[in-house]
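Reader: I'm new to reading protein models. Could you walk me through this one?

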Amino acid sequence: MNHPHPLLDLPPLTADRFAAIERRVAALLATEQDVVITQGEALLPLEGCIRGGARPGSTALNIVTGPYGQTFGDWLRDCGASVIDLEVPFHTAVTAKDVEQALAAHPETDFVSLVHAEAATGNTNPVAEIGEVVRAHGALFHLDAVASVGAEPLLPDAWGVDLCVIGAQKALGGPAGVSAVSVSGRAWERFAANPKAPRRSYLSLLDWKERWIDTGRRALPHAPAQLEMLALEACLERVDAEGGLPVLTARHASAKAAARAGAAALGGGLEPYVYEAADAAPVATTLRTTGGVDAAELVAKALAVDPSVPLAAGGGALAREMVRVNHYGPAATPEAVRASLTALGAALTDLGRTADVDAALVAATGAWA
Ligand SMILES: *Cc1c(COP(=O)(O)O)cnc(C)c1O
């Protein structure tokens, strides 16, 4: 017996269709560089980029503005690179000046790794300015743009990014199981010159270049993850249907403004975790609990009031003091932000705090541009 099912018994995804999706991703990134779609969650190309770009004898500047930067530092060390960690407090962003000083102190640096926006900490970094500094220095520039793509402007070519990694699972509201990276000519040269770069490996971007790009994109090296590819295609079509990237990024900018203004008016000891609005990521707003309120407990109570709200406590040690309003993708709406504030207000009241939900909703609505 054969039970038809929309997700099952799919025909194989053709090479032409795969190449067309790749071109759509390149258009999304406004890039002329090669785009490689990787058959896995974004950690796959991120690891592939770092293992391809760093090697024993490399000096890597690893900018840490949240937990992802910490992970990349571990990979870089694992590759045998000398790693300079430039750490900035999670409530702020790194500046181009910080990067310039670090590069001046370590002129041998040949690889710079940066996370554009961190959903886990709620900050965003000025990539355009940092890119200028990195380009002037000459190091290869690697960027994790998983949490920024779709939520804020992202222009890898204009900003001098050599390796720009994206995933669809945040602001684009797409699948988590495929990801992509734009690769500059300089980055390909670096990989090719690195005897330690992954080869004959799922992590190898070079294998993909040789077997797919250099052979004219005629035959796929292996069966593509067709469900994820179709979901990625649908997600890119939906971005266009909404009016394109500017409409999507404007929706996220409004969600950030509304969440920050609403939280400030709510009171109850909640305050924006990232001090300066300019340093706060449009993908998610992080809030700090004060006065002994446990963030994980607050979030659990808020979710008990309204299980539909996009709230989460911070990861690891941050769970005590950080609330994340994950207003990305389908949750970048006035309704989702308002519901989040309402649920947080109810939870704060339950914990004996004074919270002004009415004022929060007025402030959030007023701030939604
Ligand atoms: C979400 C995210 C990723 C992807 O990681 P997941 O653990 O799958 O969520 C990578 N980098 C950044 C900066 C992210 O915010």
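**Around the ligand**

Author: Sure, let's start with E41: an N or O atom in the E41 side chain sits 2.3 Å from an oxygen atom of the ligand. That is a polar contact, meaning a pair of N or O atoms within 3.5 Å. One thing up front: this is a predicted model, where local features need pLDDT of at least 70, side-chain atom pairs count only at pLDDT 80 or more, and totals for chains, interfaces and linings use all residues. Residues are numbered from 1 along each chain as its sequence is written, and side-chain values use heavy atoms, with hydrogens and water left out.

Reader: Which residue has a polar side-chain atom 2.6 Å from a nitrogen atom of the ligand?

Author: Y68 has a polar side-chain atom too, but that one lies 3.0 Å from an oxygen atom of the ligand. The partner of the ligand nitrogen, at 2.6 Å, is D144.

Reader: How much of the ligand does the protein bury?

Author: Areas here come from the Shrake-Rupley method with a 1.4 Å probe. Taken alone, the ligand exposes 380 Å², and the share of it that the protein buries is 81%.

Reader: How many residues of the shell around the ligand are charged?

Author: Asp, Glu, Lys and Arg count as charged, Ala, Val, Leu, Ile, Met, Phe, Trp, Tyr, Cys and Pro as nonpolar, and the others, Gly among them, as polar. The shell, whose residues have a heavy atom within 4 Å of the ligand, includes E41, D144 and K170. By class it has seven nonpolar, one polar, and, for charged residues, three.

Key
Polar contact = N/O pair within 3.5 Å; in protein donor to acceptor, adjacent residues only side chain to side chain.
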